[in-house]
Amino acid sequence: MALGIEVGVVVLAAGKGTRMKSDRAKVLHPVNGQSMIIHVVDCAVKVSGSNVVVVVGHQAEQVKAEVARAYQVAFAVQKSLLGTGDAVKAAIPHLAKAVGHVVVLCGDVPLIRAKTVEKLVDFHLNNENRLTALAVKVDEPAGYGRMILDAQSKLMSICEEADASMEEKKISLVNSGIYCIERQFLISALNRLNRDNAQNEYYLTDLVKIGAADGVKMGVLTAEDPREVLGVNTLVQLKKADVLCRERADV
């Protein structure tokens, strides 16, 4: 990672996870013997040391207690669960002033490796991007946000599944939900988000549209292993993540 650049990490862990059909907050479900949130915070700490903010909301005290048992990090509370953009906005005041670039990780993506995030940060800094998204190519893109590129492969927008046209749904390059974003652009763009979408939420993905409109430099890094960015939204996906994590631990 580039020396002299302060990088902070925001971990999104506020959601209810209603599709898990469980009373327990989604990020507290275990994968290979550890809660999902612990896997992700471990990755975050390896990348940025103490510059980590965990955004909590649903069952906030339980999630805080789980993380605090293992790590010393900052916490931000998302008071109303109004989407990923709103969650990141809640974290900004808790970032150290020296942090110039912010990595966003998802608390329900437990298989992400520190070396992949460090590669994202290096790619972002070396290309002098103001926003870089981590993407993956998948055979079955249903449920993921699609990466919309122009004829020159320049990132123009990220279209959520609920808002995608039939043509956009055919795109196999999908969003992992993991980003590295220059802090000043992040703050500026967060303040311009609106909820004009199918979910009536502040989408973090809309930062890309704002960046494209502003003409800022953005990029996409495609992860080598799609399994690393498997999101856990259901018990079936939880089981899959558990199996993959155990297999990886045996290597």
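How are α1 and α2 oriented to each other: parallel, perpendicular or oblique? Let me build up to that. A reminder first: this is a predicted model.

Start with the pair itself. Helix α1 covers residues 36-48, and its axis crosses that of helix α4, which we will reach shortly. Helix α2 covers residues 60-68. The axes of α1 and α2 are 10 Å apart, and the packing angle is about 50°. An angle of that size falls outside the roughly parallel, roughly antiparallel and roughly perpendicular ranges, so α1 and α2 are oblique to each other. That answers the opening question. As for hand, α1 passes α2 in a right-handed crossing. On the α1 side, the contact uses I37, I38 and V41. On the α2 side, it uses V63, E66 and V67. By class, this contact of α1 with α2 has five nonpolar residues, one charged and no polar.

Just before α2 there is a backbone detail. Q59 sits in the loop between β4, residues 52-56, and α2. Its phi is positive, near 50°, and Q59 is not a glycine. Most residues other than glycine have a negative phi.

Now the other partner of α1. Helix α4 runs over residues 114-126. The axes of α1 and α4 come within 9 Å and cross at roughly 45°. That angle makes α1 oblique to α4. Here too, the crossing is right-handed. C43, K46 and V47 come from α1, and A114, V117 and E118 come from α4. The contact of α1 with α4 counts four nonpolar residues, two charged and no polar.

Next pair: α5 and α6. Helix α5 spans residues 183-190 and helix α6 spans residues 206-214. Their axes are 10 Å apart, at an angle of about 105°. That makes α5 roughly perpendicular to α6. From α5, the contact residues are F185, L186, A189 and L190. They meet L207, I210, G211 and D214 of α6. The contact of α5 with α6 divides into six nonpolar residues, one polar and one charged.

The loop between α5 and α6 holds N200. N200 is another non-glycine residue with a positive phi, at about 55°.

One long-range link to look at on the screen. D86 lies in helix α3. D86 and N194 are 108 residues apart in sequence, yet their C-alpha atoms are 9.9 Å apart in space. Leaving out residues up to four places away in sequence, D86 touches Q78, S80 and Y202.

Last topic: the pocket. The largest pocket has a volume of about 1,800 Å³. It is lined by 48 residues. Which of them are closest to its centre? They are R19, K26, D108, G143 and N233. By class, the lining has 19 nonpolar residues, 17 polar and twelve charged.

Several elements each supply at least two residues of that lining. Among the strands there are β1 at 7-13, β7 at 131-137 and β10 at 173-182. Among the helices there are α3 at 84-91 and α7 at 235-250. Which element gives the most? Strand β10 does, with four residues.

To recap. α1 is oblique to α2. α1 is oblique to α4 as well, given their crossing angle of roughly 45°. α5 is roughly perpendicular to α6. And β10 gives the most to the lining of the largest pocket.

Definitions and conventions: Residues numbered from 1 in each chain as written. Predicted model: local features only at pLDDT ≥ 70, side-chain atom pairs only at ≥ 80, totals over all residues. Heavy atoms only, no water. 1 Å grid on protein atoms, 1.4 Å probe; cavity = no way out; pocket = protein on both sides within 12 Å on 5 of 7 lines; lining within 4 Å. Points joined across faces, edges and corners; volume = space filled by probe spheres on them. Nonpolar A, V, L, I, M, F, W, Y, C, P; charged D, E, K, R; others polar. Axes fitted to C-alpha atoms, helices over the stretch in contact; angles between N-to-C directions. Parallel < 35°, antiparallel > 145°, perpendicular 65-115°, else oblique. Left-handed = near helix turned anticlockwise from the far one by under 90°. Contact = heavy atoms within 4.5 Å.
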